[in-house]
Amino acid sequence: MYGMLLESVQHFVQVEHGEHTWKLALQATGCKVTVFNTYQQYPDSLIPDLAAALSALTGKSIDEFMVFFGRCFVRFFSNFGYDELIKATGRYFCDFLHSVDNIHLQMRFTYRKMKSPSMQLIEMDENGAVLVYRSTRSGFSKYLRGQLMEIAKQLYNMDISIKVLESQNDVPGGTAGPISIQGGLKTVIVKYRLDFDNREYMRKRIHIEAHPSQLQLAPVDSSLLLDLFPFALILNEQMQITAAGEKLIESWMLNNVNCSPTELMGSKVTDYFKLRRPTGITFTWENMKRLQTVNFEIQLLKGSTLNGMEEAAAPVDSVPQYELDDPTRLLSVARRGSQGLRSILLKGEMRYIKDINSLVFLCSPLINSLEELREVGLYLNDLNTHGLSREMVFTGFSHNSRLDLMCEREEKRAEELETSLALADSWKRQGDELLYSMIPRSIAERLREGQLYLLDTCKSFEAVTVLFAEIQESLMSDDSIKNAMTTVNTLNAAFSAFDELIQSPMAYKVETVGKVYMAVSGAPDDNPCHVQHTADLALEMLQSIYNLNLPGVGVKIGFHSGPIVAGIVGIKVPRYCLFGDTVNTASRMESSGDINRIQVSGSTAAKLKKKGYELTFRGKVAVKGKGEMETFWLESGPKNSAASRKMYAKK
């Protein structure tokens, strides 16, 4: 079943019984879906199962809930405009009951996999009607009762009562599904008696007197019907074909290439035709005579069978002589080839003609496009001239053309969307990169997920290593514009080389201020090897300046280890900033150092020596705010480190 049925159930159960009850019912049925899609299909058993679950929760019977669900659907489908479709079927409730199958037929274009039941009125009187319901689903007869009662109330302003006269194979209760016997399906058949005020409909239908001029009309030969309806069939009480339209005979010949046209006359209609709709109806005189207001679909069966296989189309030299002798039959022979033809489907009404005691199937081929016309072996001139068959084919062709145009537009739009999505992804990546350049990735992602606010990002770190590197150039003291541009290019080259060396989580670039480049290891991500990683970074920075080979350009580098506090500062252009004495000391290590040398504090040097780094004692250096401090020059890393190998290679 389609999701629209379940949407109606969900909405009104939540309104009348509460959200909690609905959730409990879903849990009881084992349904994992919380939002139903209108055009998506779901198991047929879900509605009866929900009725059983709600029955257990509320104490009401399952049948009460199935009737309630049927009423819910009628209330709900007004949102889709289906109430207007029902109102348009006729003035009276009986008009609607006559048209139910036709409504289902039209809805199949929207809901293509819909398994609609079949309903026919078999009796009518002033006090109501008798309706026969046929379906492959069991357990839904009460659901139909709710639908009929609500439609009568809402759309025709009448109250009806419904009782079951007969029922076959309708299993009530919790799980829907057809009954399987020996691999087949039993059809659920329920006969209802509907009691309502039907006097006005019967009066309009029965008590209309014929105009005197109609009584003076001369009899009309039944052959006129076959001229007007070239696909018509005339059937006698034995359901034998007594006459057929010319185009129907021609189509029959296309599908029965080894048969004479005389074989069609006098044969049982079921020998060559299959009743497609209404479903569950047998092809009998009584049924056809009773259902004269119902649209029938009858399929012309493809050729006779031999050993269970279709015979191939006969070649021209095997065509009977009587066909070759008759020029009117040559067209049929030329258009033959039943093996590749599609079965033709005829749609129309069965009308009883009292004067000849026969049923006339007034019909037209059910064809929607030029492609279907070709597939059944027909041409436009074969279709009725007085009906809308030709217009429908042309409309279908025009509709297909519009569909093709719409598909082309949608494809173009899809390409544009793909391009837009690619651009959006590119912009998002650029935005992320810009964001991560201002805020550490780990903090930015937590802020994006709503786990943190800007004021909550402040954090203390017990041990990190802060590094400063300042570019030195002989022309930087010159204030001329030409030399200023040279300085900018130099700084860009140097800092870009430094950026390539930064690898998270070993080190994080904090900022650049003028000629100074600042980095830290151990924040914002904890790193127990922060001293070693900072030393390696400093050695690689020095090596990268050598590799750039910029005349007159050098770098002073210094770093120090200790505790800090770090956090996001600012709203407009937020930055990740470091605070504490460790930052000041690291800055003094750089400013008091020498060009192309790496100066570290004594405490940091002691940690590096334990790891195998080579350092040279510089002596005591006056540090502003700290007094005299022992400092060291970092010469190289451990013998087996990459940074050390590069430094030794340079030396």
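Leaving aside neighbours within four places in sequence, which residues is Phe-93 in contact with? The close-ups below start there, in what is a predicted model.

**View 1. Phe-93 and its contacts from elsewhere in the chain.** Once the neighbours within four places in sequence are set aside, Phe-93 touches Leu-148, Ile-151, Ala-152, Tyr-156, Met-158, Ile-160, Leu-194 and Phe-196. Two of these names come back in an aromatic cluster, where Phe-93 and Phe-96 join up with Tyr-156 and Phe-196.

**View 2. The largest nonpolar core, with 64 residues.** Phe-93 shows up here too: along with Ile-47, Phe-69 and Phe-96, it touches the most other members. Helix α4 (residues 62-77) chips in the largest share of this core, nine residues. A separate core of 36 residues lies apart from it, with Cys-259, Phe-273, Leu-300 and Val-376 among its members.

**View 3. Tyr-92 and Tyr-201, one of the 19 aromatic pairs in the structure.** The ring centres sit 5.8 Å apart with the planes at 70°, so this pair is edge-to-face. It's a link between distant parts of the chain: Tyr-92 is in the loop between α5 (82-87) and α6 (93-107), while Tyr-201 belongs to helix α8 (residues 199-206), 109 residues apart. Tyr-92 counts as buried at 18% relative accessibility, and Tyr-201 is buried as well, at 9%.

**View 4. Helix α1 (residues 3-17) crossing helix α2 (residues 19-29).** The two axes come within 7 Å and cross at roughly 130°, so α1 and α2 are oblique to each other. On the α1 side, Val-9, Gln-10, Val-13, Gln-14 and His-17 meet Glu-19, Thr-21 and Trp-22 of α2. That contact is a mix of three nonpolar, four polar and one charged residue.

Terms used: Residues are numbered from 1 along each chain as its sequence is written. This is a predicted model: local features need pLDDT of at least 70, side-chain atom pairs count only at pLDDT 80 or more; totals for chains, interfaces and linings use all residues. Side-chain values use heavy atoms; hydrogens and water are left out. Axes are lines fitted to C-alpha atoms, for helices over the stretch in contact, and angles run from 0 to 180 degrees between N-to-C directions. Helices (H or I, at least four residues) and strands (E, at least two) are DSSP runs, numbered from the N terminus. Angles under 35 degrees count as roughly parallel, over 145 as roughly antiparallel, 65 to 115 as roughly perpendicular and the rest as oblique. Contact means heavy atoms within 4.5 Å. Ala, Val, Leu, Ile, Met, Phe, Trp, Tyr, Cys and Pro count as nonpolar, Asp, Glu, Lys and Arg as charged, and the others, Gly among them, as polar. A nonpolar core is a set of buried Ala, Val, Leu, Ile, Met, Phe, Trp, Tyr and Cys residues joined through side-chain atoms within 4.5 Å. Buried means under 20% relative accessible area, exposed over 50%, partly exposed in between (1.4 Å probe, protein chains only). Rings of Phe, Tyr and Trp (its six-membered ring) pair if their centres lie within 6.5 Å; planes under 30 degrees apart count as stacked, over 60 as edge-to-face and the rest as tilted.
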